[in-house]
Amino acid sequence: MAATTTAVYDVEGMSCGHCVGAVTEEVTAVPGVTGVEVDLETGRVTVTSDGPVDADSVRSAIDEAGYGVRG
């Protein structure tokens with residue numbers, strides 16, 4: 001069984017529940033992602049997976065939702 005991996009992204013531009021839903025939907029669709037937790041107040045998106053997930057794929061998913069990743 002693979003170890004759970006967690007990555008945190010700082011996302012800019014989110015301001016409401018719709019933003020949270022859009023980011024969650026897009027990032028959840030990235031292959032290997034098993035969970036997404038969005039903290040609207042801080043802009044942090046925590047992504048869990050059963051193994052390493054391509055960071056560029058997660059960034060692209062966040063971009064597809066209409067938001068940007070800081071850093």
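## How the sheet is put together

Which strand does β1 pair with over 6 bridges, and in what sense? Strand β1 (residues 5–12) pairs with strand β3 (residues 44–49), and the sense is antiparallel. Keep in mind that this is a predicted model. If you want to trace the register on screen, T5 stands opposite S49 in β3, and Y9 has V45 of β3 as its bridge partner.

Zooming out, the 4 strands make an open sheet in the order β2-β3-β1-β4, with antiparallel pairing. That leaves β2 and β4 as the edge strands, each pairing on one side only. On the β4 side, strand β4 (residues 68–69) is joined to β1 by 2 bridges, and these two run antiparallel. There, G68 in β4 is the bridge partner of E12.

## The β2–β3 hairpin

At the other edge, strand β2 (residues 33–39) runs antiparallel to β3, with 6 bridges joining them. Two pairs to click on here: G35 stands opposite T48 in β3, and E37 stands opposite T46 in β3.

β2 and β3 form a hairpin, and 4 residues sit between the two strands. One of the turn residues, G43, has a positive phi of about 80°.

## Two faces of β3, and V47

In a regular strand, side chains alternate between the two faces of the sheet. β3 has one face that is covered, with V45, V47 and S49, and one that is uncovered, with R44, T46 and T48.

V47, in strand β3, is a good residue to look at from the covered side. Is V47 buried or exposed? It is buried, because its relative accessible area is 4% and the cut-off for buried is under 20%. Setting aside neighbours within four places in sequence, V47 is in contact with T5, T6, A7, Y9, V27, V33, G35 and V58. As for backbone spacing, the C-alpha atoms of V47 and T34 are 7.7 Å apart, with their positions 13 residues apart along the chain.

## Helix α1 and its two sides

Now for the helix. Helix α1 (residues 17–28) has 12 residues and should span 16 Å at 1.5 Å a residue; the end C-alpha atoms are 16 Å apart, so the two agree.

Which residues of α1 are buried? They are C19, A22, V23 and V27. These residues cover an arc of only 115° around the axis, so they lie on the same side of α1. The cover over the buried residues of α1 includes β2, β3 and α2 (55–64). V27 also appears among the contacts of V47. Go round to the face of α1 turned away from the buried side and you meet the exposed residues G17, H18 and E25.

## Salt bridges

How many salt bridges does a search of the whole structure find? It finds 2. One of them joins R44 to D10, where the closest N and O atoms are 3.3 Å apart. This pair links distant parts of the chain, with R44 in strand β3 and D10 in strand β1, 34 residues apart. Neither end is buried: R44 is partly exposed because its relative accessible area is 44%, and D10 is partly exposed because its value is 28%.

The other pair is R70 with E12, with 3.9 Å between the closest N and O atoms. R70 lies in the segment after β4 and E12 in strand β1, so this salt bridge ties together parts 58 residues apart in sequence. R70 is partly exposed, with a relative accessible area of 41%, and E12 also counts as partly exposed, at 40%. E12 is the residue whose bridge partner in β4 is G68.

## How confident the prediction is

The average pLDDT of the protein chain is 95, and 97% of the residues score at least 70. Where is confidence lowest, and where is it highest? The lowest is in β4, at a mean of 96, and the highest is in β3, at 98.

Conventions
Residues numbered from 1 in each chain as written. Heavy atoms only, no water. Pairing = 2+ DSSP bridges. Salt bridge = Lys/Arg side-chain N within 4 Å of Asp/Glu carboxyl O. Buried < 20%, exposed > 50% of the residue type's maximum accessible area, 1.4 Å probe, protein only. pLDDT = per-residue confidence, 0-100. Contact = heavy atoms within 4.5 Å. Expected span 1.5 Å × (residues − 1). Arc of directions from axis to C-beta.
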